[in-house]
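Me: Could you help me read this structure, one question at a time? I am new to this.

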Amino acid sequence: MAVYNLTVNNKKVKVDVEPDMPLLWVVRDFVGLKGTKFGCGMALCGACTVHLNGEPARSCQTPISSISKTDKITTIEGIGDGQLNAVQKAWIEEQVPQCGYCQSGQIMTAVALLKSNPNPDDAAIDSAMSGNLCRCGTYDRIRKAVHRAADTMKVSGNGIGQK
Ligand code: FES
Ligand code: FES
């Protein structure tokens, strides 16, 4: 076991865990944030996507020992500062989720996409989202929601509460 000082959703947390424990389990079982999901456990499905310093990261394949105390971890619970951000609102308005299991990972990837490309076309969306699998096949609605969020952000200039 080893002690790690982490910054999760702008809060300092300390955990005492095995060094090879994936960030996913630290976030869920030790920090208590259950929005990040376990899917494949092999970096193949994207269900476990969080942001590490603003970039999407597969938390199932990120050992806690690879995280430094200056790294910023953001989970689905932290992207809106206690409110829904533009992507989450668009997800609701387009009624994207079916079973919902993949959706927090999808949203985390979409938030990162819109940060790097505020006006993605369909091809850019498909490319950015291609690593996030949805067994329910919500891909068309995901595409629409990303466009809607991009439009909202053009008007409001906010909504991406990314840390
Ligand atoms: S659970 Fe991490 S990519 Fe599938
Ligand atoms: S909504 Fe069911 S797996 Fe994506």
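Me: Is Ala90 buried or exposed?
Reply: Happy to help! Buried means under 20% relative accessible area, exposed over 50%, and partly exposed in between, using a 1.4 Å probe and protein chains only. The relative accessible area of Ala90 is 1%, so Ala90 is buried.

Me: What kind of model is this, and how are things numbered?
Reply: Residues are numbered from 1 along each chain as its sequence is written, while chains are lettered from A and ligands numbered from 1 in the order in which they are written. Side-chain values use heavy atoms, without hydrogens and water, local features need pLDDT of at least 70, side-chain atom pairs count only at pLDDT 80 or more, and totals for chains, interfaces and linings use all residues, as this is a predicted model.

Me: Which residues does Ala90 touch, not counting residues up to four places away in sequence?
Reply: Ala90 is found in helix α2, residues 86–93. Helices (H or I, at least four residues) and strands (E, at least two) are DSSP runs, numbered from the N terminus. Contact means heavy atoms within 4.5 Å. Leaving out residues up to four places away in sequence, Ala90 touches Ala145, Arg148 and Ala149.

Me: How many Å separate the C-alpha atoms of Ala90 and Thr152?
Reply: Along the chain, Ala90 and Thr152 are 62 residues apart. In space, their C-alpha atoms are separated by 8.5 Å.

Me: Is Ala150 buried or exposed?
Reply: Ala150 lies in helix α5, residues 139–156. Ala150 has 3% relative accessibility, so Ala150 counts as buried.

Me: Which residues does Ala150 touch, not counting residues up to four places away in sequence?
Reply: Ala150 and Ala86 are 64 residues apart in sequence, with 8.1 Å from C-alpha to C-alpha. As for touching, with residues up to four places away in sequence not counted, the partners of Ala150 are Leu114, Pro118 and Pro120.

Me: What are the classes of the residues in the contact of α4 with α5?
Reply: The contact is made by Asp122, Ile125, Asp126 and Met129 of α4 and Ile142, Arg143, Val146 and His147 of α5. Ala, Val, Leu, Ile, Met, Phe, Trp, Tyr, Cys and Pro count as nonpolar, Asp, Glu, Lys and Arg as charged, and the others, Gly among them, as polar. By class, this contact has four nonpolar, one polar and three charged residues.

Me: Which residues of α4 meet α3?
Reply: From α3, the residues involved are Gln106, Thr109, Ala110 and Leu113. In α4, they meet Ala124, Ile125, Ala128 and Met129.
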